[in-house]
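The following explanation is intended for a reader who meets this structure for the first time. Please keep the sequence and the model in view while reading.

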Amino acid sequence: MFERERTDPRTDPQTDIEFDFFDESPTAETATREPSERRRRRLPTRPPSPPGGPQLYRLGILVAGLIVLAVILILTVNSCRADQKQAEYRDYMEAVGEVAGQSANLGAELNNRLTTPGIRLEALRRDVEGLAEQQDQILRRTQDLTPPGPLVEQQQSLLQTMQFRASGLDGLAAAFALAAQSTNVQESAGRLAQQSSRLISSDVVYDDLFKEPAADVLEAQEVTDVAVPDSNFIPSLDLVSPTAWELVVRRLTQPASAGGLHGNGIMEVRVQPGGETLSPDEDNTVLASDRLTFQVLVQNSGDNQETRVEVTLTIQQDPPIRKRQVIDIINPGQTKVVSFSDFGAISFETGTTLRVIVEPVPGEQNTANNTAEYPVLFSLTE
């Protein structure tokens, strides 16, 4: 038998095959290192630190924050101060409004008592004494007011106003007492006029030396929403002259039946705007605008001073529109204008009648001219 040829495994052709594609792949170490190098190249770099380092940078931020905080604190403090100043002026003017309003009410009450029909001299004197006592109390309250610094001078003018009113009322009461004991009407009228001039002066002092200068101070101090109150003691200038007071003394000391004629009459009725005079005998076309005003001219046709004269105007539609005004005081021969406005819903469908009545005063005998009627047609267009 042939002996099988022994082969050497090292020379086996199959084992000599080389797998080149394994030689071309990277090693595990290379594969791990290359991605790491790419990641390091892609990482963002830290921005350079400011000069001085991070500590100086943080210090700058802290300083900026402190500056902002200081500005906020300053603005807050200024706002609080402004609010405090506003409140100080408001509180003072509210206190002024109380005393000024109470004093003005006394002036209105004085006018009311002076024009009360049938009042006698002694009763009026007692009433004026009571008003004087109330004004003294108002004066003391005014002295207790504490104004803001810039209004110290104006506060003195306010005090002077109240002093004039207190002394004027005291003087009127004393003059009425003397008039009750005297038969010299002109002399009594002179005393009354002298005392009433103090009351007139009080209004001048208040307007010129307190109200207007105080408003200027508020504006200069940039105080807003605070108004200076008004205060007028003499509502009418019919009681300022010796002649007017002479008529007052005669009215207070004489009965209504004495001293000549009493009475008032309607002179004419005018339409405003425009000024046309209504005719009692012809149709009158009246433009019914929101500014429509009827002016009734009333004249004292007697010899005596008359007070509390009632004037009524009626538009005789359905329902009727009725307005009423009062003339506080009207002297002999004097003509006063009484205005009526704000009529609301006026009827435009048909013509109507405008009726005016001046109520008779005590002792009036002739009342023929106390009533007048005018045919009118209201229109929306001229």
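The paragraphs below treat the helices, then the strands and loops, and then the backbone features.

The model is a predicted one. A suitable place to begin is helix 3, which covers residues 54-114 and contains Glu-98. Together with Glu-88, Asp-91 and Glu-94, the residue Glu-98 forms a negative surface patch. Membership of such a patch requires over 30% relative accessible area and no salt bridge. Glu-98 has a relative accessible area of 54% and is therefore classed as exposed, since the term applies to values over 50%.

Salt bridges come next, and the model has twelve salt bridges in total. One of them joins the side chains of Arg-126 and Glu-122, with a distance of 3.8 Å from N to O. Both residues belong to helix 4 (residues 121-143), and because they are four residues apart, about one helical turn separates them. Arg-126 is partly exposed at 48% relative accessibility, and Glu-122 is likewise partly exposed, at 35%. The pair also belongs to a wider arrangement: a network of salt bridges links Glu-122, Arg-125, Arg-126 and Glu-129.

Helix 7 offers a second example. This helix runs over residues 242-253, and its twelve residues reach 16 Å from the first C-alpha to the last, close to the 16 Å expected at 1.5 Å a residue. Several of its residues are buried, namely Ala-244, Trp-245, Glu-246, Val-248, Val-249, Arg-251 and Leu-252. Glu-246 forms a salt bridge with Arg-250, and the closest N and O atoms are 3.1 Å apart. The two residues are four residues apart in helix 7, about one turn of the helix. How do the partners stand with respect to the surface, buried or partly exposed? Arg-250 has a relative accessible area of 34% and is partly exposed. Glu-246 has a value of 19% and is therefore buried, as that term covers values under 20%.

A further salt bridge is found among the strands, where the side chains of Glu-373 and Arg-355 meet at 3.3 Å, N to O. This pair links distant parts of the chain, with Glu-373 in strand 9 (residues 371-379) and Arg-355 in strand 8 (residues 352-358), 18 residues apart. Glu-373 is partly exposed, with a relative accessible area of 40%, and Arg-355 is partly exposed at 30% relative accessibility.

The backbone remains to be considered. A cis peptide bond, with omega about 0 degrees, joins Gln-272 and Pro-273. Pro-273 is located in the loop between strand 1 (264-272) and strand 2 (276-277). Another cis peptide bond leads from Asp-318 to Pro-319, and its omega is near -5 degrees. Pro-319 occupies the loop between strand 5 (306-315) and strand 6 (321-330).

Which values of phi deserve attention at Glu-222 and Arg-308? Glu-222 is not a glycine, yet it has a positive phi of about 60 degrees. Glu-222 sits in the loop between helix 6 (185-220) and helix 7, and its relative accessibility of 68% means that it counts as exposed. Arg-308, also not a glycine, has a positive phi of about 50 degrees. Arg-308 lies in strand 5 and counts as partly exposed at 28% relative accessibility.

Definitions and conventions
Residues are numbered from 1 along each chain as its sequence is written. This is a predicted model: local features need pLDDT of at least 70, side-chain atom pairs count only at pLDDT 80 or more; totals for chains, interfaces and linings use all residues. Side-chain values use heavy atoms; hydrogens and water are left out. Patches are made of residues with over 30% relative accessible area and no salt bridge: like charges are joined within 9 Å, nonpolar side chains (Val, Leu, Ile, Met, Phe, Trp, Tyr) within 5 Å. Accessible areas come from the Shrake-Rupley method with a 1.4 Å probe; for residues, only the protein chains shown count as cover. A salt bridge is a side-chain nitrogen of Lys or Arg within 4 Å of a carboxyl oxygen of Asp or Glu. Lys and Arg count as positive and Asp and Glu as negative; His and the chain ends are not counted. The place of a charge is taken as NZ of Lys, CZ of Arg, CG of Asp or CD of Glu. Buried means under 20% relative accessible area, exposed over 50%, partly exposed in between (1.4 Å probe, protein chains only). The expected span of a helix is 1.5 Å times one less than its number of residues.
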